[in-house]
Amino acid sequence: MMPYQGQVAVVTGGSSGIGLATVRLLLAQGAQVALCAREAARLEAVAADLSAEFGGGRVLARAASVLDPDAMAAFAGAVQARFGRCDLLVNNAGQGRVSTFADTSDADWRAEYELKLFSQIHPARAFLAMLRDSRGAIVAVNSLLAYQPEPHMVCTSSARAGVQNLLKSLSVELAPEVRVNSILLGLVNSGQWERRFAAREDQARSREDWYGALAQKKGIPLGRLGQPEEAAAAIAFLGSRAASYITGAQLEVSGGLSRHI
Ligand code: NDP
């Protein structure tokens, strides 16, 4: 199935984890894909692999932070120059912050709100004209924490709720030209969990055992963490023409971790 044949997709934070899995899936489904991330060396290595697998003409990689509006404008200019259009923007770049109210400083709060909100605002603004022209879509990667806050991730949870609110407004303001949806993740096995597994106290503990205990501790009904490819599948669906009547919606990809109806 090639639902993205002839289309152009942009994925922020495309050099790792969920972003990279999304880039791969969209390429496999026919899209030309532009990706950005801050660390140039990793991005270039990833881009070289993708170009070898899917053809260099279909991949554009640019080292840029979503927090830099000029860099996002230049990224959009590069996409316009190379591909001439943009049908899908996946706002995926970012990371969570583990801290309680007691140990979160004002600077931490500001940094977290800046990351969560401006990682949506800057790319959306930069690619908006192209998205309108192609009657395209934005898919944001957000977390269940937006609705189910965790005290040990207090500022991330709060900022993520703000992001959902922003996306709802965007979905109305940008309609009918551009659809705006999000996925709400539970725990997905990517860089951050791999780092915690590598640093586990009991180094003799197997991967299966460690991840199984984590899923049990978190109470995930499906009994395991999600894989980046499973998040990518939901993103690709929401961004595709198959979701043409869906906007302002959120799709949970959490193995049933959500406690609300
Ligand atoms: P990874 O750490 O594997 O990937 C994050 C990607 O984002 C990297 O490519 C990173 O590259 C890039 N990135 C980070 N900050 C910026 C920035 N300012 N500008 C541009 N690129 C940036 O993480 P995941 O795949 O797990 O996470 C993807 C998204 O999903 C994140 O927004 C995360 O918060 C969210 N999420 C993940 C969950 C999980 O369980 N994995 C749960 C809930 C939400 P570089 O560092 O080079 O910039």
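Begin by selecting Ser258 and Glu252 in this predicted model, where a polar contact of 3.1 Å joins the side chains of the two residues. Ser258 is found in the segment after β7, the strand that spans 250-253. With a cut-off of under 20% relative accessible area for burial, Ser258 counts as buried because its relative accessibility is 14%.

Next, zoom out and show the whole chain as a cartoon. The secondary structure that appears comes to eight helices and seven strands, and the C-alpha atoms fill a box of roughly 50 × 40 × 35 Å when the box is taken along the principal axes. For 261 residues, a compact globule would have a radius of gyration near 18 Å, and the protein, with 18 Å, agrees with that expectation. If you colour the residues by relative accessibility, the buried ones make up 47% of the 261 residues.

Now select the ligand and the residues around it. Which residues are the closest to the ligand? Ser15, Ser16, Arg38, Asn92 and Ser190 are the closest, within a set of 28 residues that surround the ligand. Colouring this shell by residue class gives 10 nonpolar, 14 polar and four charged residues.

Keep the ligand in view and turn to individual atom pairs. A polar side-chain atom of Ser16 is placed 2.6 Å from an oxygen atom of the ligand, whereas at Val188 a backbone N or O atom lies 2.8 Å from a ligand oxygen atom. At Val66, a polar backbone atom is 3.0 Å from a nitrogen atom of the ligand. As for the ligand's surface, the protein covers 92% of the 880 Å² of accessible area that the ligand has on its own.

To see which elements contribute to the shell, highlight α1 (17-28), β5 (137-143) and α6 (191-198), each of which supplies at least two of its residues. The largest share, three residues, comes from α6. Then colour the chain by domain, with domain 1 covering 8-187 + 230-253 and domain 2 covering 189-225. Why does the ligand lie between the two domains? Both domain 1 and domain 2 give residues to the shell around the ligand, so the ligand lies between them.

From the ligand, move to the loop between α5 (154-173) and β6 (179-185), where Leu174 lies. Is Leu174 buried or exposed? Leu174 counts as buried, because its relative accessibility is 3%. A distance drawn from Leu174 to Ala9, C-alpha to C-alpha, comes to 18 Å in space, while the two residues are 165 residues apart in sequence.

Stay in this part of the chain and select Ala175 together with Pro176, which are joined by a cis peptide bond with an omega of about 5°. The place of Pro176 is likewise in the loop between α5 and β6.

For the last stop, select Arg135, which lies in the loop between α4 (106-134) and β5. Arg135 has a positive phi of about 50°, although this residue is not a glycine. Its relative accessible area is 48%, so Arg135 is partly exposed. The strand that follows this loop, β5, can be highlighted once more, as β5 is among the elements that each supply at least two residues of the shell around the ligand.

Methods. Residues numbered from 1 in each chain as written. Predicted model: local features only at pLDDT ≥ 70, side-chain atom pairs only at ≥ 80, totals over all residues. Heavy atoms only, no water. Near = heavy atom within 4 Å. Polar contact = N/O pair within 3.5 Å; in protein donor to acceptor, adjacent residues only side chain to side chain. Areas by Shrake-Rupley, 256 points an atom, 1.4 Å probe, with all protein chains shown as cover. Helix = DSSP H or I, 4+ residues; strand = E, 2+ residues; numbered from the N terminus. Nonpolar A, V, L, I, M, F, W, Y, C, P; charged D, E, K, R; others polar. Domains from an automatic or database assignment. Rg over C-alpha atoms; globule rule 2.2 N^0.38 Å. Buried < 20%, exposed > 50% of the residue type's maximum accessible area, 1.4 Å probe, protein only.
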